[in-house]
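Student: Could you take me through one part of this assembly in detail? I would like a close look at how two neighbouring chains meet.

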Amino acid sequence: AAYAQSSVTIYGTVDAGVTKKTGTSTAIGKRDNNKLGFKGVEDLGSGLKALFQLEIRYEPDTGTIENTSGANSRPLFQGQSRVGLQGDFGTVRLGRGLTAFQESITAFEPWSGIPSVAGYQTDLQVAGYTSSPLDQTGNSANRFSNAFFYNTPVIGGVFQLNATIQAKEANGNAAVAATANSVAIPANMVPSTTPYSLSATVDNGQFAAMAAYEKNALETKLWSVAASVKPIPALKLMASYQKQDQGQTVFTNYDTKSWILGANYTVGAGKILAGYGQKTPDGVVKTKQASLGYEYNLSARTYVYLDASNKRAATTVNFYGVGIHHNF
Amino acid sequence: AAYAQSSVTIYGTVDAGVTKKTGTSTAIGKRDNNKLGFKGVEDLGSGLKALFQLEIRYEPDTGTIENTSGANSRPLFQGQSRVGLQGDFGTVRLGRGLTAFQESITAFEPWSGIPSVAGYQTDLQVAGYTSSPLDQTGNSANRFSNAFFYNTPVIGGVFQLNATIQAKEANGNAAVAATANSVAIPANMVPSTTPYSLSATVDNGQFAAMAAYEKNALETKLWSVAASVKPIPALKLMASYQKQDQGQTVFTNYDTKSWILGANYTVGAGKILAGYGQKTPDGVVKTKQASLGYEYNLSARTYVYLDASNKRAATTVNFYGVGIHHNF
Amino acid sequence: AAYAQSSVTIYGTVDAGVTKKTGTSTAIGKRDNNKLGFKGVEDLGSGLKALFQLEIRYEPDTGTIENTSGANSRPLFQGQSRVGLQGDFGTVRLGRGLTAFQESITAFEPWSGIPSVAGYQTDLQVAGYTSSPLDQTGNSANRFSNAFFYNTPVIGGVFQLNATIQAKEANGNAAVAATANSVAIPANMVPSTTPYSLSATVDNGQFAAMAAYEKNALETKLWSVAASVKPIPALKLMASYQKQDQGQTVFTNYDTKSWILGANYTVGAGKILAGYGQKTPDGVVKTKQASLGYEYNLSARTYVYLDASNKRAATTVNFYGVGIHHNF
């Protein structure tokens, strides 16, 4: 028997490795997000297309849904659950997914935005900012649920605008008590404003740049600018600067600034990744992170990798990781 | 590489839209159930077939399993999880799925039984009745778990009998305290009787009718009759009447009656849906609902829609919804 | 439209039946694990392959993830979540899966290691031992999470060595209070040793044997030897002996011994399964189990079955099961 006719593409990533971090035992961990996804595109004629994507995220070392702990875990389709239309006007989608800022910034992060401890995406690259402060416990920090997503076409082959707007719906956040320096957040709070995210990207193959602005459900603001250049095809150099403003919920020292410099260098079947960055929260000790990585392609779908990083703030954490990354 | 040989059909629905209800903010919501399913049929020879179906249900706006709230959510395969055999004798299946009544009534509901707020399925169409009063919190109200399902063949091309019988297994319900007018329900209660559901349907293409009787795990009873007629191929008129009897657990005013009138009218690539109905619980204020909907087909698999409804009981709720519905 | 190109095999099992056990009502149950899996193999050239496997486990009677109860359930990919490489050196994998012992012993269990009440796998075949005493509540007892898996090639076509090593990571176990005869187990405990499992198997088609040793996260030890022989192709006779030593956490009577004798006999499209075994925990009443089963193949993928067993310890439990088992 053969597969019945349908219109679904199943895709995914399994990434597992051995990791060692200052102060913890050798562990089985991951470098990238682990995915099992279902997606499709339907041609509706006249240049119009319907599209959907559903993406499960899981932990390869334990087999659970991402970030499962007791009663809490991320959504089944943590990666995204979206449906929409694409045409001459661009792409409109509804559901849950990365915000315009979060989707655009990964091209300027030396680990391409994967959540490796050696990478910068989950902390320095976003100046400690979270896109979803009112999601359920354990949820990820870079997505909007209950959102409308719009991308313009790529204008002139180089320029694109992206916007994400979130409905003012409560989404099950836990209560956070007030502190001497911050306001209280009640449980299952309705956003105090309509959260949104805007990004503009330009990319001519050799040079790329991005500017973004985002305001989340607690009215925390995030500005970001980033650029990359390829002096030779094998080398990509990148830089970004971010600023988070928590002034709406924090009384003093509410700004956090960060910058990252990175490089990717392709040598034969291998790729070297390097980065250095700093995060400077007002009135708190600075975080400095230096990272080095290496990927060796066994095929177009599979590579083995090696990561190392040194992150200094109040304490210093060294990290080493080695593993395998397989796309299907 | 290509898909390895197998015998699974993957199918599903992604439906998301923008909704507005009296007293709440504009939200991202759904009109239909969102599905990701796996099913197959194996030919065993001599007219015998083995069949299975597993259907995930999820929320497109947040990416979670259907109805997730804290520790509670519906089963992963909320839609159904069944395996069985089909032959000259009909179809026998074991597992979880819609009861005979619930599966038969949707053909007589103007929104085809989808859970749109503008539709009637989840409230008026069933006279407020639930098929599964002893399921875990948040579970759906129209399925039997731990059940045996039997459908006769379609006799003479028009007539079919359907029966569902549930085993007397506890299924993790929460305790409900007694009130002045109702008995207490202990936690994880074993059904006080063997729940079952029966329906008879007749359908010659132009005229269809149904009669059903169901008794749930708390011995609440449901009677239902329904009919539809197509005076012209483009027009389907339908009507149904239901009565719920909660006399086993409620002391007074234990009956609820309801009736719905509906119409579907196809115009070109569009379909107009209309309905009016009333639910009359003994001794409590009547519910009156009027609804209007429109579907516009972009293809055989994809349509956009518009729904509006007005529901009056102690308070009045107006609802508007607009969105996209995509099958894959 | 047809499936887009990819490299995933979707497979699974749906098994549901009617069961009756001493002291409980007739129920809808299962005989085998119910699976929905995704797996793939990529040829990397030079005899090297990348491989992954993700296996959902679920309850067919209720549609939930396996063993769901309130906030607890088994991982989404309870069956396994592994990625690795295969070559002349054997197979290395990382993630979650059956331990070397648990994977090897099923060939010597008359029900092939399925969890039917009539089978021996979950109790007598493992002398009451659990491979994962520090996993979250409800988790299965025969897998390592956070583990490294190694299998040698099948040497000379008959001989294989298998090893599983678990990282010393906490995995969310619930606290267990001390008793007069056992130590306390704190919540979310880090393994007191590096858990590992070793097995050696030999199989020339007519004769097979296995020896295994395993030590879990609480330093409980398990020894096992097993053998099978096929005097004629239609008949397989098997025997095994196991010993569990809980001396690290239990003060007295810490050993449990067990043995099982079994037979599988193929007659036409049918197979007869038979077994008898005893489990002898020090100082506690012995368990004696006798079982008989019958499978009738409707096709290569589908069979119907009948199981019966009698299990005597402090009380006696009779079990009967009849159902359908469908692979896809």
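Tutor: Between chain A and chain B the count is one salt bridge. In this predicted model, its partners are Glu42(A) and Arg301(B), whose side chains come to 3.8 Å, N to O. That value falls inside the cut-off, since a salt bridge is defined here by a Lys or Arg side-chain nitrogen within 4 Å of a carboxyl oxygen of Asp or Glu. Alongside the salt bridge, nine residue pairs are in polar contact between chain A and chain B, with both residues at pLDDT 80 or more.

Now look at where the chain A side comes from. Six strands of chain A each give two or more residues to the side that touches chain B: S1 (9–21), S3 (34–45), S4 (48–58), S5 (80–87), S6 (90–98) and S7 (143–151). S5(A) gives the most, with five residues. By class, this side of chain A divides into 20 nonpolar, 10 polar and five charged residues.

As for the extent of the contact, 35 residues of chain A and 38 residues of chain B take part. The area buried between chain A and chain B is about 3100 Å², and carbon and sulfur atoms account for 68% of it.

It helps to set this beside the way the chains are arranged. A turn of 120 degrees, with a shift of 0.0 Å along the axis, lays chain A on chain B with an RMSD of 0.0 Å. That is the relation of a three-fold axis.

With that in mind, turn to chain B and chain C. Here the contact draws 35 residues from chain B and 38 residues from chain C, and about 3100 Å² is buried, 68% of it from carbon and sulfur atoms. The rule finds one salt bridge across this interface: Glu42(B) pairs with Arg301(C), with the closest N and O atoms 3.8 Å apart. Nine residue pairs are in polar contact between chain B and chain C, again with both at pLDDT 80 or more.

On the side of chain B that touches chain C, strands S1 (9–21), S3 (34–45), S4 (48–58), S5 (80–87), S6 (90–98) and S7 (143–151) of chain B each supply at least two residues. S5(B) gives the most to that side, with five residues, and the classes there are 20 nonpolar, 10 polar and five charged residues.

Technical notes:
Residues numbered from 1 in each chain as written. Chains lettered and ligands numbered in written order. Predicted model: local features only at pLDDT ≥ 70, side-chain atom pairs only at ≥ 80, totals over all residues. Heavy atoms only, no water. Least-squares fit on C-alpha atoms with pLDDT ≥ 70 in both. Contact = heavy atoms within 4.5 Å. Buried area = accessible area lost by both parts, 1.4 Å probe. Polar contact = N/O pair within 3.5 Å; in protein donor to acceptor, adjacent residues only side chain to side chain. Helix = DSSP H or I, 4+ residues; strand = E, 2+ residues; numbered from the N terminus. Nonpolar A, V, L, I, M, F, W, Y, C, P; charged D, E, K, R; others polar.
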